[in-house]
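Subject: Structure handover

Hello,

Here is the structure I promised to pass on. Please open it alongside this note.

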Amino acid sequence: KINTVLYVLFVSVLALSVGCSPAPSEKSAEPDGRFDEPFRPQYHFSPPSQWMNDPNGMVYHAGEYHLFYQHYPDSNVWGPMHWGHAVSKDLVHWEHLPIAIAPDSLGWIFSGSAVLDETNSSGLGTADNPPLVAIYTYHDPVGAEAGREDYQTQGIAYSTDGGRNWTKYAGNPVLENPGIRDFRDPKVAWIGERWIMSLAVKDRIRFYSSDNLLEWTYESDFQPEWAAYGGVWECPDLFPLTTPEGEEKWILFVSINPGGPNGGSATQYFVGDFDGSTFTSESDQVKWLDYGADNYAGVTWSNVPKSDGRRLFIGWMSNWTYANVVPTENWRSANTLPRELALVRQGETYRVRSSPVAELEKLRKSSSTKEGDSWAIDAELAELLLFPEAGDFSLELSNDAGERIILAKKGDQLTFDRSQSGVTGFSEAFTALHTAPLHGMEVTELRVFLDRSSVEIFVNQGALVLSEIVFPEQPYSRIRLTGFKSSHQVHELASIW
Ligand code: FRU
């Protein structure tokens with residue numbers, strides 16, 4: 001107590017003496033130690049406290065990236081969902097804001113998206129002050145409890161003050177439920193001449209269109225026979241990407257749980273065409289965005305109206321198989337690093353490449369070159385750049401407590417082993433070996449990001465990615481390599497708190 005009082009006094013005097021208080025994004029750990037707890041991510045977004053799952057409604061407006069997220073402010077396990085809220089000017093530092101949207105008589109606030117309604121098509125703002133509009137799922141727990149089928153509907157909230165205050169639309173819900181249990185996660189975008197909503201409907205994606213965000217017309221269903229159906233379809237996202245040859249393709253992300261390639265939750269995607277009404281896939285190969293176990297329910301967005309052409313992505317860095325029981329208390333879950341998406345060729349078709357956004361280079365504090373096959377990593381927060389030789393390789397990160405993770409290439413496959421990564425006893429599934437097919441790709445570069453409870457591995461600039469959470473009692477401080485070139489780069493990274 002006394003320490004806290006002294007600390008607060010000290011900070012106040014300091015703030016007074018420099019004439020201002022520190023900007024939220026620059027402040028260090030809170031006086032109660034929050035943001036500095038064991039396992040607390042130091043440069044990944046995590047909620048100030050309690051439960052978080054999916055990122056929602058990523059939108060760029062007036063120089064700020066808005067991040068909303070599935071949040072239960074009263075517990076560290078999943079429950080009545082709210083939209084938590086944070087903003088960032090650079091995608092690296094985040095300022096936590098009050099909860100944006102809370103449950104009401106229509107239900108809890110499940111996942112969805114947000115758009116800037118530039119032409120005020122909804123009439124919820126004015127021509128001079130276009131509204132930010134959030135489109136989300138209402139989940140009515142009373143209806144669900146009563147055994148009804150139609151307990152998920154779509155609702156709208158809007159803000160005319162840069163996202164600080166949100167008003168629910170009086171005519172909610174804007175899309176009623178036709179009697180289907182899983183009917184959720186609207187992702188809305190301006191496509192062509194109108195708004196298009198992609199909605200997860202049990203085992204298919206359903207498209208709707210609208211001129212004003214308030215009235216929606218059914219367009220089509222997408223449900224190819226050959227896709228992955230191991231679990232319920234959730235969190236769709238439809239967006240364009242340009243091929244290296246300059247051709248526009250449409251990409252459809254669909255999160256599925258369970259049924260991922262390495263168990264539990266994962267995101268499959270389709271590359272093809274959207275004609276304004278119907279999506280068609282150009283190949284019948286199942287494709288996965290991430291072969292790690294911990295990248296789910298991600299959302300993409302572009303920073304229109306000030307577009308720099310990038311398609312950005314952020315995912316929830318956990319898995320429903322164990323998300324509720326991971327060994328953290330003050331908060332649960334973090335997001336992946338923000339990534340930029342691109343298309344690269346894979347045989348007759350394309351795969352989506354995701355690589356860390358360039359802004360993250362700001363985190364680099366100091367850089368060094370390491371030589372040889374065995375050396376110390378002197379930083380808890382680090383980015384490693386490693387160059388395998390042609391052929392098989394293995395990379396082991398370990399610490400004095402005997403905890404380790406191993407990435408290995410054998411033939412045309414990568415494996416990631418976290419069976420001895422640290423605390424693992426909370427879930428049997430957590431220790432399974434993860435595998436990723438290379439489809440003939442030669443591995444020339446590995447970029448590895450280490451935070452307190454995650455490792456993200458970007459193979460060949462993100463042509464293949466593994467996002468994995470781990471709970472080591474100490475940082476991995478040693479590296480052992482087999483099958484690598486002799487020179488490596490290490491960047492020590494700064495904490496954002
Ligand atoms: C995905 C999901 C969504 C739903 C939300 C509820 O992780 O199940 O389908 O809207 O989480 O929190």
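My notes on domains, core and ligand follow.

Keep in mind that this is a predicted model.

Domains. The assignment splits the protein chain into domain 1 (1-33), domain 2 (46-356) and domain 3 (359-493). The centres of domain 2 and domain 3 lie 29 Å apart, taken over C-alpha atoms. Their contact involves 30 residues of domain 2 and 29 residues of domain 3. On the domain 2 side, β21 (339-346) and β22 (349-356) each supply at least two residues. β22 gives the most, with 5 residues. By class, the side of domain 2 that touches domain 3 has 13 nonpolar, 11 polar and 6 charged residues.

Core. The largest nonpolar core holds 125 residues. Val133, Ala134, Leu252 and Ile457 touch the most other members. Strand β10 (residues 194-201) is the top contributor to this core, with 6 residues. Domain 2 (46-356) and domain 3 (359-493) both give residues to the core, so it lies between them. Take Val133 as a way in. Beyond its neighbours within four places in sequence, Val133 is in contact with Ala114, Val115, Asp117, Ser122, Leu124, Ile156, Tyr158 and Leu213.

Ligand. Which strands each supply at least two residues of the shell around the ligand? They are β1 (50-61), β5 (108-116), β9 (183-191) and β13 (232-242). The residues around the ligand include Asn53, Asp54, Phe110, Ser111, Arg184, Asp185, Glu234 and Cys235. Gln70, Met81, Thr137 and Ala297 are also among them. The shell divides into 4 nonpolar, 4 polar and 4 charged residues.

Best wishes

Terms used. Residues numbered from 1 in each chain as written. Predicted model: local features only at pLDDT ≥ 70, side-chain atom pairs only at ≥ 80, totals over all residues. Near = placed C-beta within 6 Å. Helix = DSSP H or I, 4+ residues; strand = E, 2+ residues; numbered from the N terminus. Nonpolar A, V, L, I, M, F, W, Y, C, P; charged D, E, K, R; others polar. Domains from an automatic or database assignment. Contact = placed C-beta atoms within 7 Å. Core = buried A, V, L, I, M, F, W, Y, C linked by C-beta atoms within 7 Å. Buried ≥ 20, exposed ≤ 12 C-beta atoms within 10 Å, placed from the backbone.
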